[in-house]
Structure formats: C-alpha cells, structure tokens
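I am opening a notebook on a structure that is new to me, and I want to go from the whole chain down to a single residue and then to a pair of helices.

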Amino acid sequence: MSLILPEFEYVDRGTETIRYLEHGWPTPLCRWHSHPEYELHLITATSGKAFVGDYIGEFRPGSLFLTGPNLPHNWVTDSVTQTGPVQVRDMLVQFSQESIDQLALAFPEFGEMSKMFELARSGIEFVGFNATFSRGHLENIRNTKGAERIVAFLRFLVRINEHPDKQALSVVSVDGSKGNGKQTRIADVVDFIISNSDEEISLGRASGMAGMSPAAFSRNFRRTTGKNFVEFVNRVRIGQACSMLYATDEKVSSICFEVGFQNLANFNRQFRKMKQITPTAYRELARTELTCTGSP
C-alpha cells in the first residue's frame, strides 16, 4: 500500500447527485481516507480487515457497509489468503448529506431513514444482508443514468433501512474533515502500520515519522483513530494473526513473532483480551465455521 496522502478524499460528483464507483485490488484507492460524503460500500471479492474509525473487524464477499461523513475508513485485503489481483473487489455509491436533507424536505416520508444516517456516523455493517440482492441493486445504479439512477439508488436505501441487523462499528465517531497537516501525517503512519505491522513500530519511531513529539503524536493519533497508539498496533497485529491462524498450519508461537509481537505471553494475553478466546481455540472455531459455511 503506497503512502499517498490518504486522509482526505475529494469526491467530484460533477452534475450528478450520487457517484458510483467500482474497482479491483490491488489499487491506490485502497487507503485510510475520509470524505464529506456518505459511502455505501459492497465487497464483492476477497476477505480481510475492515478499518472504520476506531473499529477493526473482518470483511468477506457480500459484506455491506455504510460510512458517514468524514469517517475514516479502509478495507485491506488479506495477502495471506489472496495472492493474485482481483478485477472487481468493491462496488460503492457516494452521496452527500445535503442530498439527504433535501430529499427529506421534499418527501417527509424519507425522514424514517434519519436513524440509519445518524448511526452511519459511526459506520454500519448490514450483517446478513443478501449479497446477490446488494449486487443487483448496485448494478442497477451503475447501469442507469439521470432520474432512473436516483430511483434505483433510493430503492436500495429503502431496502437497507428495513434490514433489522445493523451493527454499529466505531465507538468514536472520528471526524477526519479538517484535512490539516497533522491529520495527514497521522494517516500516513496508520497506513504504514497496516502495511508493516510485523516490524518494530515504537512510539518514538512513529512520532518521528509524523514529525511530532511523542506527546503530541499520541494526542493527535487518538483524536484521529479513536485508539491509543499501542492499542491500535496490537489490534492490527491480532487481526493479521487471525488470518494466519485459519489460513495456515503455522505454529501459534511462529505466528506470534511473524505479526510483530516480541514474546508469546504478551501475544496470548492481547489475543484473549480482544477475541475472548485463545489463538488455538480461534483456529479451531474459524476452521469449523469455514467448513460449515464454505470458503468466503
């Protein structure tokens, strides 16, 4: 993942109210970034780690997310299980708060979606939403123009609003709207951590990369990500360890050092803290689920 300025993305919607986009993997578009628009995002291929505000979790084909304005996000495909390029990994629509407000003003009935949009400020995963259904709706949006595209988009919004299992993601509604130099430098460090979690990444090294004192860096890092520095690094490493546990037969002790932990005891302690289960038990559970449900 290249360290391009990932914090703020300008979405040029031109003369269109909504913007449709799809892309494959790998791509420079996959980076820690934010923008003022909502983003309705479907993963169509690969599995890996979702980063939304202070949330780090899993995604797989069919995962559907809605992120709110200025909420930093990224979806990082697991290179352990996916080694080759993918033509289409992501299908997404971006739209503004202004459009939603004007819609509700013109048609008060759409006000029933306000709770969903408010929840989206922390990020939403629509757990169990039918993947074929999602893709069909996004293809309709992609394949239409003008008023027909707006109608297709609104129809999809109605369907996801009806979905009962909306999982809020980020505890902190991280606001990446300012786009200032400090936040950009923090975002560069976040991208570096995600791409190089197996390296020794001390607070001193990270603050030096950002050109800040350790105290200033710690303060700005927590403000941007919602997590303190050490906790964020550990969460990324545990996420990578989870992928290796179910995708390889490597010993737990080997995985511990490969993902960047310096001793097995700390690895096991951090793993249990975040997953409420031991690494060995996680491997057994994950493989049992994959056997029952099929590979994602």
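**Notebook: from the chain to one helix pair**

I began with contacts across the chain, and of those with a separation of 6 or more, 74% join residues that are 24 or more positions apart. I keep in mind that this is a predicted model.

I then looked up the secondary structure, which comes to 11 helices and nine strands. Of the 296 residues in the chain, 51% are buried. I noted an accessible surface of about 13,700 Å² for the chain, with 52% of that surface belonging to carbon and sulfur atoms.

Next I turned to Met 209, which I found in helix H6, residues 203-210. Is Met 209 buried or exposed? I read its relative accessible area as 36%, and because buried means under 20% and exposed over 50%, Met 209 counts as partly exposed. Leaving aside residues up to four places away in sequence, Met 209 touches Val 189 and Phe 192. From Met 209 to Phe 192 I count 17 residues in sequence and 9.7 Å in space, C-alpha to C-alpha.

My last entry concerns helix H5 (residues 181-195) and helix H7 (residues 214-225), whose axes come within 10 Å and cross at roughly 80°. Because angles of 65 to 115 degrees count as roughly perpendicular, H5 and H7 are roughly perpendicular to each other. On the H5 side, the residues making the contact include Ile 186, Val 189 and Ile 193, and on the H7 side they include Phe 217, Phe 221 and Thr 224. By class, I noted six nonpolar, four polar and one charged residues in the contact of H5 with H7.

Technical notes:
Residues numbered from 1 in each chain as written. Predicted model: local features only at pLDDT ≥ 70, side-chain atom pairs only at ≥ 80, totals over all residues. Heavy atoms only, no water. Helix = DSSP H or I, 4+ residues; strand = E, 2+ residues; numbered from the N terminus. Buried < 20%, exposed > 50% of the residue type's maximum accessible area, 1.4 Å probe, protein only. Contact = heavy atoms within 4.5 Å. Areas by Shrake-Rupley, 256 points an atom, 1.4 Å probe, with all protein chains shown as cover. Axes fitted to C-alpha atoms, helices over the stretch in contact; angles between N-to-C directions. Parallel < 35°, antiparallel > 145°, perpendicular 65-115°, else oblique. Nonpolar A, V, L, I, M, F, W, Y, C, P; charged D, E, K, R; others polar.
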